[in-house]
Amino acid sequence: MNFTGAHILSISQFQRHDVEQIFSVADQMEPYALRKRVTRVLEGAILGNMFFEASTRTRVSFGSAFNLLGGEVRETAGFESSALVKGESLQDTARVLSGFSDVICMRHPQQGSVADFAAASRVPVMNGGDGANEHPTQALLDLYTIARELQAKGRTIDGLRIAMIGDLRHGRTVHSLSKLLSLFSNIQVTLISPKELALPDAIIDEMRAAGVTVSVSDELNNSIANVDIVYSTRIQEERFTSKAEADLYRGKFRLNQAIYTQYCEPNTVIMHPLPRDSRSDANELDCDLDNNPNLAIFRQTDNGLLIRMALFALVLDVVDKVDQFAHDVRWYNSRQQ
Ligand code: CP
C-alpha cells in the first residue's frame, strides 16, 4: 500500500509486505525511542489525539511517539470535555479538527466510528480502537513483539503456535491480531474462552480461509501446553450490559506461575495487551509472573512506541529524513546506564 497520507483503520488494509515495511521502519526508530538520539523531523506538525473512551497506554504512546519525532500533541479525553455532548456530529468534529492537525488518532466506543470520522477528515486518521471492532496498532505492536521474541530463538512468525485467552468476543485486540496472523504461513491458533465469549465466526472463517489452523477450547490448562505464545486478555466489562453479567466470566482463565510451570513448554512467551485486571476476582495474569523472563507485557508497551513512530513516519512521508534531522541527547539518560 502507499502509506503517504493514508488512514490506518483496519488490519484488512494491509498485505504481508506492508506489515514487514512497518516493522523495518520500527527497527529504525529504536535509537530515538531509547533516547540515544533526538530527531526533530516532525517539528511544526500537530497530532490531534482524540480519545472518547478510557485509555492509558494507547493515548500516551501515540502522543509520546509523535513527540519523539519532534511534533506537538493536542488532546481531547472523554466525551464530557468535547462538543459531542452538545450534539455535534463526528463528521463536523472531523471537519473542524482536521483543520488544526496534520494527523489525528482516535478512540471511540462505537464500532465503525473511526472510519466514519476519517471519511470526513482532511488529514490521515489512525484507529486507536473502535468499540469491539478493531485495534490495529495494538495488533501491529503485538506481532512485532512476537517477531522479536521468536527471533531471539532463531524463529520467524511463520510456523507460530499461539493461544488467545479470555473475552475473544469483545476483545478488539484479538480481532485485529487474528486478521494480522492470517497474512503469515503455517500459523496455529488455539482460542480459549467461555462459549458465550467466543471469537466471532466471521473472523474464524477468515483465518481458516487464509490457511490458519484454528482450534477452540473452553479449558485453559491443557490448551496452553503446546504453544509458543499465550496471549491473555481481560473481560471487557465496558462491552457488557451490566457488571453482574461481566462477573459471570471474570476470573475463569487465570494464568499464574504454578499453572505456567505445570502446563506450558519451557520459555513459552506470556503476552497481554493490557490493562490486565489485577483485582482479586479477575487476576487473569497473576503478579507472581512478574519476575518470569518470558513475561513480555512491558516489552509490548515499549514496542508500541516504535510501531506508532513508524506509522507516523510512513503516513507523513518522513522515513528517509528522520536521521537527517537528528542529534545526540543532551540530558542524563537512565536507560543507557
Ligand atoms: N492496550 C490498550 O489499548 O490499552 P489502553 O486501553 O490503556 O489504551
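This tour goes through a predicted model step by step, from its two domains to its ligand and then to two single residues.

**The two domains**

Begin by colouring the protein chain by its domain assignment, which gives domain 1 as residues 11-133 + 301-336 and domain 2 as residues 136-298. If you place a marker at the C-alpha centre of domain 1 and another at that of domain 2, the two markers lie 25 Å apart. Now look at where the domains meet, since 31 residues of domain 1 are in contact with 27 residues of domain 2.

**The ligand**

Next, select the ligand and show the residues around it, which are Ala54, Ser55, Thr56, Arg57, Thr58, Arg107, His135, Gln138, Pro273, Leu274 and Pro275. Keep the domain colours switched on while you do this, and you can see that the shell draws at least three residues from each of domain 1 and domain 2. Sorted by class, this shell has 4 nonpolar, 5 polar and 2 charged residues.

Which polar atoms of the protein should you look at beside the ligand's oxygen and nitrogen atoms? At threonine 56, choose the backbone, where a polar atom is 2.8 Å from an oxygen atom of the ligand. At arginine 107, turn to the side chain, where an N or O atom is 2.9 Å from an oxygen atom of the ligand. At glutamine 138, stay with the side chain, where an N or O atom is 3.0 Å from a nitrogen atom of the ligand. The ligand on its own has 250 Å² of accessible area, and the protein covers 91% of it.

**Asparagine 127**

Now select asparagine 127, which you will find in strand 5, residues 125-130. Is this residue buried or exposed? Asparagine 127 counts as buried because its relative accessibility is 2%, under the 20% cut-off. A polar atom of its side chain lies 2.7 Å from the backbone nitrogen of glycine 129, and the side chain of asparagine 127 also makes a polar contact with the side chain of aspartate 130, at 3.0 Å. Leaving aside residues up to four places away in sequence, asparagine 127 touches Ile8, Leu9, Met106, Val114, Glu134, Pro136 and Thr137.

**Serine 182**

For the last stop, move to serine 182, in the loop between helix 7 (172-181) and strand 7 (188-192). Serine 182 is buried, with a relative accessible area of 13%. Its side chain reaches the backbone oxygen of serine 178 at 3.0 Å. Beyond the residues up to four places away in sequence, show Glu206, Met207, Ala210 and Val212, which serine 182 touches.

Notes:
Residues numbered from 1 in each chain as written. Predicted model: local features only at pLDDT ≥ 70, side-chain atom pairs only at ≥ 80, totals over all residues. Heavy atoms only, no water. Near = heavy atom within 4 Å. Polar contact = N/O pair within 3.5 Å; in protein donor to acceptor, adjacent residues only side chain to side chain. Areas by Shrake-Rupley, 256 points an atom, 1.4 Å probe, with all protein chains shown as cover. Nonpolar A, V, L, I, M, F, W, Y, C, P; charged D, E, K, R; others polar. Domains from an automatic or database assignment. Helix = DSSP H or I, 4+ residues; strand = E, 2+ residues; numbered from the N terminus. Buried < 20%, exposed > 50% of the residue type's maximum accessible area, 1.4 Å probe, protein only. Contact = heavy atoms within 4.5 Å.
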